[in-house]
Amino acid sequence: MSTVVIITSIVVAVMAVATALFIGRGRARGGHRMRKRFGLEYDRAVARHDGDTKAAERELGERVQRHGSLKEHPLPPEARERYLVLWARIQERFVDSPQEAAAEADALLARLAEDRGFPGGERFEDQLDALSVHHAGQVHGYRRVHLAVRGEAGTEETRNALVEARDLFDELVARRPDDSERRRHSLDGSPDGSYDNRGHAPRVRGRPDTKG
């Protein structure tokens, strides 16, 4: 074998290895970005694909392509106040009728998301996919409430789902973008059921013998 052929073979092999390493690093960075962007949704996608991270990342990438350009509609002040009142009523209703309250919360979140410009609630999975692109950290509670309404969840499980769903509600009803950050510091509402000083409805409170 001539020296030229040997050198050419070595160069081709080195380039192939370098290309594979470059692609591998690119995929690793892409996976890291996906995990950082979607959080728990990333883990759910991986689990749904039986641990196949490439398939999960492909699914999440398709969500971004479909819904990434969605522009959320501003919520008029009167609509915001109406939603706050309705959510407060749902929380009050929960004490005596947890399943009915969860069903109302599920419907309210679907309507609120649609008002903000997301797909309608009659296409729940499509709506949830779109929400996960823009509010990945908050969609899990909405999913839990939706499943609790259609399953056999107990009172405590339903209450926990409703508490978690409040995160998405606060994100969607926020007066300003920074309101959604402030709400993380508001764990409970005022004891008389009025709005707290950030304009949020009070959190769900269970019966005295229910975990808080």
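What percentage of the 212 residues in the protein is buried? Buried residues make up 40% of them. The model described here is a predicted one. The protein has nine helices and zero strands, so its pattern, read along the sequence, is α-α-α-α-α-α-α-α-α. The accessible surface of the protein comes to about 12,200 Å², and carbon and sulfur atoms account for 56% of that surface. Among the contacts with a separation of 6 or more, 61% link residues that are 24 or more positions apart.

The interior comes next. The largest nonpolar core has 30 residues. Trp87, Leu131, Tyr142 and Phe169 are the residues with the most contacts inside this core. Helix 4, helix 5 (98-115), helix 6, helix 7 and helix 8 each supply at least two of its residues. There is also a second, separate core of nine residues, including Met34, Phe38, Ala45 and Ala136.

Leu131 is a useful residue to follow through the largest core. Leu131 lies in helix 6, which spans residues 124-134. Its relative accessible area is 0%, and because buried means under 20%, Leu131 counts as buried. Leaving aside residues up to four places away in sequence, Leu131 touches Ala113, Phe118, Ala136, Val139, Tyr142, Leu168 and Leu172. Ala136 in this list is also part of the second core. Leu131 can be placed relative to Leu70 as well: the two are 61 residues apart in sequence, and their C-alpha atoms are 9.9 Å apart in space.

Tyr142, one of the residues that Leu131 touches, has its own set of neighbours. With residues up to four places away in sequence again left out, Tyr142 touches Asp106, Leu109, Ala110, Phe124, Gln127, Leu128, Leu131, Ala165 and Leu168. Leu168 thus appears among the contacts of Leu131 and among those of Tyr142.

His146 lies in helix 7, residues 139-150. His146 has a relative accessible area of 12%, so this residue is buried by the cut-off of under 20%. Not counting residues up to four places away in sequence, His146 touches Asp106 and Phe124. Asp106 and Phe124 are also touched by Tyr142.

The packing of helices can now be taken in pairs. Two packed helices are described by the angle between their axes and the distance between the axes. The axes of helix 4 (residues 77-94) and helix 8 (residues 155-173) come within 12 Å and cross at roughly 170°. That angle makes helix 4 roughly antiparallel to helix 8. On the helix 4 side, the contact is formed by Arg80, Tyr83, Leu84, Trp87, Ile90, Gln91 and Phe94. These meet Thr155, Thr158, Arg159, Leu162, Ala165, Arg166, Phe169 and Val173 in helix 8. By class, the residues of this contact divide into nine nonpolar, three polar and three charged. Trp87 and Phe169, which belong to this contact, are also among the residues with the most contacts inside the largest core.

Helix 3 (residues 53-67) and helix 6 form another packed pair, with their axes 9 Å apart and an angle of about 90°. These two helices are therefore roughly perpendicular to each other. Arg63, Val64, Arg66 and His67 in helix 3 meet Asp126, Asp129, Ala130, Ser132, Val133 and His134 in helix 6. Three nonpolar, three polar and four charged residues make up this contact.

Notes. Residues numbered from 1 in each chain as written. Predicted model: local features only at pLDDT ≥ 70, side-chain atom pairs only at ≥ 80, totals over all residues. Heavy atoms only, no water. Helix = DSSP H or I, 4+ residues; strand = E, 2+ residues; numbered from the N terminus. Buried < 20%, exposed > 50% of the residue type's maximum accessible area, 1.4 Å probe, protein only. Contact = heavy atoms within 4.5 Å. Axes fitted to C-alpha atoms, helices over the stretch in contact; angles between N-to-C directions. Parallel < 35°, antiparallel > 145°, perpendicular 65-115°, else oblique. Nonpolar A, V, L, I, M, F, W, Y, C, P; charged D, E, K, R; others polar. Areas by Shrake-Rupley, 256 points an atom, 1.4 Å probe, with all protein chains shown as cover. Core = buried A, V, L, I, M, F, W, Y, C linked by side-chain atoms within 4.5 Å.
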